[in-house]
Amino acid sequence: LASAEGVDLTPCEREPIHIPGAIQPHGALLALNPADLSLAVYSANAPNLFGVPPGELRHRPLVELAGADLVGRIREAQGAGDLDGANPLRLAAALPGGGAPLDYAVHAHGGFVIVEAEPAGDRDAVPAMLPRTMVRLRDVRSLAELGRLTVTAIRDLTGLERVLIYRFDPEWNGEAIAEDKAADLEHSLLGLHFPESDIPRQARELYARNHSRFVPDRDSDRVPLLSVGSRDGAQPLDLTFARLRALSPVHLEYHRNLGVNGSMSVSVMKHGRLWGLVIGHHREPLLIPPGVRTAVTLLVDAFAMRLTEVETTADWDERQAHVEIHARLLEQMAGADDFAAALTHGPVTLARLFDAGGAAVIRDGQVQLVGETPPPETVLEMAEALRRRSDSGHPVGTDHIAGISPRFAEHSNIASGALAVFLGPDLANALMWFRPEVTRTIAWGGDPNKPVSVDAEKTRILPRRSFERWTERMRCYSQPWPSWTLEIAHSLGHAIDEVIVRHQRKLAELNA
Ligand code: BLA
């Protein structure tokens, strides 16, 4: 794995971010042996939070430290086998000695019961806005609206200065597709793209399991985890599901360069896969209380639940118009002896389908063209190039046919993109569609060829320092072919195969 400039990016992926050996200081962590809930590992700030002298923590049973309520609930959840890291036990309880309540999150992972505690803070501000926002989320009809509503609600809820929806593309680059920001934040990040290496693979894998990260203060001191007795040779404590996990120092450097101090990121999952993140920025430290964080994750889950539906609806509406053209083409063919002529010379032509610039029918080595297309010999070459990528004649589409062979770039003004489906017993016949070049630029948050900087000794990889808008012009690209174009092409190809077979049968009967 290397950047365009040849810097090796593998170290970024190798950092074992799930075992940092430290947590953030806004809470304390205890790792307990599941059988007797005796203490195995604790964060150095735990004595302070639980109000016991440092030397004594390890001698106090949990019930004395945190109270019977917590212990009872843990025992109950253990009995039910319900301490899943992805869905921790939550409760608020005051310490046995009294005082303000602590908010607890408890989960079992890596052979321990992990208890994380922090001051509960203000819990009541939350519910008032939540029901109204949920109803609005339920009613939106487009991804744009859904995104806008979600970022605005989360900013209102948290006071963050910027909230973004960040969507991954198939190569794991990302794009900010929705933004709400404070008026005095000068630069908008909306529409900017960020390279894959900004959020390395192990981080994405972790975020698909643990859905949220909050960093109240980027520059706060990390709190080390300490072991009770000797855990020599023991594995470091696995913080995959810990909400207090200290984040990678490399990433905190990235936020320093971006001018971000307080931050959050919450995973958006679609069909069990990481679809994107909701990202929050604050220039100053910002402690979002645990109750408000819960509301944020609920809103993000609501966003994710509506996402599939909203995306499918948009696709469906667009597809519907073309299903009708498909039907017209079938009608024209039904009455014709020559299917190629019916597709290229009727009142509705093949080029109408998919709003293509031009189309071609290849039959027995003959090419019939309609609309704007490359010359016949190039059409045949393109068909051959796509046939090689086709799985038993199934449609193949590309928005960048010059990527298959650079000699096709010559025809980019009319055929930057092409889609083909192959027909006939030996798949020698084909239907093809062409799309012209479209001006496509991608605005990156920093030069994507230089995703990193290196320190003076060239020993460490650091995040890049500049996030200055960097525009890349993409040459020889057409509009992409959505998956429904492939489906309709497949259906048309299938129908033509049937028409031909029927026709040949009729001819055979006549000749007999
Ligand atoms: C993690 N990188 C992240 C995270 C985000 C980004 C959102 C998740 C952690 C969090 O909640 O903050 C990237 N943040 C962005 C982007 C924007 C933003 C794109 O605000 C744009 C608006 N990062 C690098 C390089 C390395 C690297 C060069 O740029 C490695 C050498 C590493 N990024 C890196 C690592 C993590 C990370 C290791 C995991 C942090 C953790 O969870 O411990």
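Helix 6, residues 143-158, makes a convenient starting point: at 1.5 Å a residue, its 16 residues should span 22 Å, and its end C-alpha atoms do lie 22 Å apart, so expectation and model agree. The model is a predicted one. Many positions of helix 6 are buried, including Leu146, Leu149, Val151, Ala153, Ile154 and Leu157, along with Gly147, Thr150 and Thr158. The cover over these buried residues includes helix 5 (130-139), strand 7, strand 8, strand 13 and helix 9. Just after helix 6 comes glycine 159, with a positive phi near 80°.

Confidence in the prediction can be summarised briefly. The chain has a mean pLDDT of 92, with 98% of its residues at 70 or more. The ipTM is 0.99 and the pTM is 0.86.

A second helix invites the same check of length. Helix 13 (residues 483-511) contains 29 residues, and from its first C-alpha to its last it reaches 43 Å, close to the 42 Å expected at 1.5 Å a residue. Its buried residues are Thr485, Ala489, Leu492, Gly493 and Ile496. An α-helix has 3.6 residues a turn, so residues three or four places apart point the same way. Among the elements that cover the buried residues of helix 13 are helix 9 (290-334) and helix 10 (339-345), together with strand 16, strand 17 (417-423) and strand 18 (429-435).

Attention now turns to the interior. The largest nonpolar core holds 72 residues, and Leu29, Leu164 and Val278 are the members that touch the most others. Apart from this core lies another, of 42 residues, with Ala356, Val361, Leu369 and Val421 among them. Beyond residues up to four places away in sequence, leucine 29 touches Ile23, Tyr42, Ser43, Ala46, Ile114, Glu116, Leu225, Ala242 and Leu244.

Another leucine, leucine 65, belongs to helix 3 (residues 62-66). Leucine 65 is buried because 23 other C-beta atoms lie within 10 Å, the cut-off for a buried residue being 20 or more. Setting aside neighbours within four places in sequence, leucine 65 is in contact with Phe50, Val52 and Arg60. The C-alpha atom of leucine 65 is also 7.2 Å from that of leucine 95, although 30 residues separate the two along the chain.

The ligand has its own set of neighbours. A shell of 28 residues surrounds the ligand, and the closest are Cys12, Phe194, Ala203, Ser248 and Ser265. Two or more residues apiece come from strand 8, helix 8 (249-258), strand 12 (262-270), strand 13 (273-282) and strand 21 (461-463). Helix 8 gives the most, with four residues. By type, the shell comprises 19 nonpolar, six polar and three charged residues.

Two loop residues complete the survey. Most residues other than glycine have a negative phi. Tryptophan 172, however, has a positive phi, near 70°, and sits in the loop between strand 7 (162-168) and strand 8 (174-181). Tryptophan 172 counts as partly exposed because it has 15 C-beta neighbours inside 10 Å. Serine 392 likewise has a positive phi, near 40°; its place is the loop between helix 11 (376-387) and strand 16 (396-398). With 6 C-beta neighbours inside 10 Å, serine 392 therefore counts as exposed.

Notes: Residues are numbered from 1 along each chain as its sequence is written. This is a predicted model: local features need pLDDT of at least 70, side-chain atom pairs count only at pLDDT 80 or more; totals for chains, interfaces and linings use all residues. pLDDT is the predictor's confidence in each residue, from 0 to 100. A residue is buried if 20 or more other C-beta atoms lie within 10 Å of its own, exposed if 12 or fewer, and partly exposed in between; C-beta atoms are placed from the backbone. A residue is near a molecule or strand if its C-beta atom, placed from the backbone, lies within 6 Å of it. Ala, Val, Leu, Ile, Met, Phe, Trp, Tyr, Cys and Pro count as nonpolar, Asp, Glu, Lys and Arg as charged, and the others, Gly among them, as polar. A nonpolar core is a set of buried Ala, Val, Leu, Ile, Met, Phe, Trp, Tyr and Cys residues joined through C-beta atoms within 7 Å. Two residues are in contact if their C-beta atoms, placed from the backbone, lie within 7 Å. The expected span of a helix is 1.5 Å times one less than its number of residues.
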